[in-house]
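Please look over the sequence and the structure shown here before reading on. The report then takes up the ligand and one loop residue.

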Amino acid sequence: MDAKSNGFDRVAGVYDFLAQLVLGKAIQESQTFFLNDIPDGSNVLILGGGTGWILESLLAVKPNVKVCYIEPSSRMMALSKQKISTGNIQFITGTEINIPQSSAFDAVITNFYLDLFNNDTLEDVLKTITRNLRPQGVWIATDFIHPKSLWHRFLLKMMYGFFKVVAGIQATTLPHWEISLERHQLSTLRTQLFYSGFIRSKLLRYEPET
Ligand SMILES: C[S@@+](CC[C@H](N)C(=O)[O-])C[C@H]1O[C@@H](n2cnc3c(N)ncnc32)[C@H](O)[C@@H]1O
């Protein structure tokens with residue numbers, strides 16, 4: 001999906017229902033697993049937050065964080081704003097290229113976002129994000145992993161087919177997002193698997209060479 005596309009507008013109203021139908025409790029459990037590891041008072045960047053339920057979950061455990069919430073779909077954004085009336089949140093309808101200049105985030109959350117890009121684009125996306133992340137900042141990344149089981153392979157293929165047609169996502173297959181994060185000097189602190197090993201949530205720390 002290009003920077004200006006609102007591809008997810010079409011599915012915004014049913015996105016959470018569909019995600020839960022296919023992936024069950026894992027969709028929320030995986031995304032909330034490491035939220036408590038975000039340091040209190042952090043300046044947090046959320047990219048591709050979807051309908052915004054993650055904001056409620058984050059503020060429930062970390063009420064003192066400041067959030068920059070970036071989401072290109074105006075319908076997803078409208079749903080996100082409806083959910084939250086308190087908290088220190090900056091809503092930006094846009095993509096990673098709209099991250100406010102010279103930001104210094106303490107934490108980044110990308111859930112089912114890195115899988116939208118092909119391997120080449122992902123390199124640029126990660127470059128853009130890390131430019132705005134403080135050294136030693138944390139990153140929560142939750143996404144599918146390259147499936148071994150036939151069922152998971154089938155599911156992944158169906159999902160990529162569906163979101164290609166409906167939302168116009170760029171990727172046609174799962175990029176090597178874990179390798180790309182490592183290449184951008186994000187070290188894994190902890191990981192947790194969900195949905196019988198189809199989804200992995202990672203807590204990472206940004207350790208750039210000085
Ligand atoms: C697969 S959905 C995941 C939504 C949410 N993270 C969840 O798991 O419930 C991907 C979301 O990323 C948004 N998105 C797509 N391209 C983006 C980009 N370049 N920057 C930020 N968000 C993007 C879409 O509009 C959509 O809401």
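What follows describes the surroundings of the ligand and then those of asparagine 132.

This is a predicted model, in which local features need pLDDT of at least 70 and side-chain atom pairs count only at pLDDT 80 or more, whereas totals for chains, interfaces and linings use all residues. Residues are numbered from 1 along each chain as its sequence is written, and side-chain values use heavy atoms, with hydrogens and water left out.

Around the ligand there are 19 residues, of which Gln31, Gly48, Glu71, Glu96 and Asn111 come nearest; a residue is near when one of its heavy atoms lies within 4 Å. The table gives polar pairs that involve the ligand.

| Ligand atom | Protein partner | Distance |
|---|---|---|
| nitrogen | glycine 48, polar backbone atom | 2.8 Å |
| oxygen | glutamate 71, side-chain N or O atom | 2.5 Å |
| nitrogen | asparagine 111, polar backbone atom | 2.8 Å |

Of the 600 Å² of accessible area that the ligand has on its own, the protein covers 97%, with areas computed by the Shrake-Rupley method and a 1.4 Å probe.

Asparagine 132 is found in the loop between helix H5 (119–130) and strand S5 (133–144), where helices are DSSP runs (H or I) of at least four residues and strands (E) of at least two. Asparagine 132 counts as buried because its relative accessibility is 10%, the limit for buried being under 20%. Its side chain reaches the backbone oxygen of threonine 128 at 2.9 Å. Leaving aside neighbours within four places in sequence, asparagine 132 is in contact with Ile99, Pro100, Ser102, Ser103, Ala104 and Phe105, contact meaning heavy atoms within 4.5 Å.

Conventions
Buried means under 20% relative accessible area, exposed over 50%, partly exposed in between (1.4 Å probe, protein chains only). A polar contact is a pair of N or O atoms within 3.5 Å; within protein, one must be able to donate a hydrogen and the other to accept it, and residues adjacent in sequence count only if both atoms are side-chain atoms.
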